Amino acid sequence: EDVDDLHVAVGQRNAQGKVANAVVARSRLDAWLAQLKAAGLQPDVMTPEMFGVHWQADAAEQGHWSMLVNGQAAMLRTGAQSGLAFELQGLSTVLLACMNEAGEDLPASLRVIVCGDDTFSDSEFHRDLSALCTEQGIDLSLDVQNEACNIALAQGFDEQHAINLLQGDYSRKQQLENLLRPWRPALMLAGLWLVLQAGMFTVEY
């Protein structure tokens, strides 16, 4: 995809000096905003749903990862502003890739949150994950919740640790400036007229 067709939202710098970012196609972001506008909504924050996966503020120091499983889909959060979504079929491949990327900074534990109907606990995926964590010396915990995935994501969301997609051209401030730009000359003239009127009143007084 052409880079001009992409929108890049910049996040925070981590302890290693790396800056997190989120990339989305402008056409897709425009479509989401159009749907919200049609419903009479004007969002202040739009963020990838991965940032709803529960994350502890001290997790970076203690080395914790979190994963949310919803049916055949999963989201893994490896840092305050890092992670990915994937199909459960590729669980072992994804985990191995993330562990290799982490190098010596492997997590001490991995918390798996299962939403909705629990088809994960007794699955081959869970057994493979358990064996992989045991091999790597990672403490694995399973938290089965009966609530819907969107509720779990809402409960785990923390705006301070998310990347807001509404930056640059999509920020509320920028949108307001774009809206007022055609009227700027008229507003400047109106302001000048008010100043002159105030000066005239001062002289007359």
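This is a short tour of one structure, stop by stop.

The model is predicted: local features need pLDDT of at least 70, side-chain atom pairs count only at pLDDT 80 or more, and totals for chains, interfaces and linings use all residues. Residues are numbered from 1 along each chain as its sequence is written, and side-chain values use heavy atoms, without hydrogens or water.

**Stop one: the sheet.** Select strand β6, residues 109-115. Helices (H or I, at least four residues) and strands (E, at least two) are DSSP runs, numbered from the N terminus. Six of the seven residues in β6 are buried, meaning under 20% relative accessible area (exposed is over 50%, partly exposed in between; 1.4 Å probe, protein chains only).

Add strand β3, residues 64-70. β3 and β6 pair in the parallel sense over seven bridges; pairing takes at least two DSSP bridges between two strands. Find His64: its bridge partner in β6 is Ser109.

Now add strand β7, residues 139-144. β6 pairs with β7 too, in the parallel sense, over six bridges. Ile113 stands opposite Asp143 in β7. Follow the chain from β6 through helix α4 (residues 124-136) to β7: this β-α-β crossover is right-handed. That is, with the strands pointing away from the viewer, the path from the first strand over the helix to the second runs clockwise.

**Stop two: cysteines.** Select Cys98. It counts as buried, at 12% relative accessibility. Cys133 is buried as well, at 0%. The disulfide count is zero, where a disulfide is a pair of cysteine sulfur atoms within 2.5 Å.

**Last stop: Val23.** Select Val23 in strand β2. Val23 is partly exposed, because its relative accessible area is 47%.
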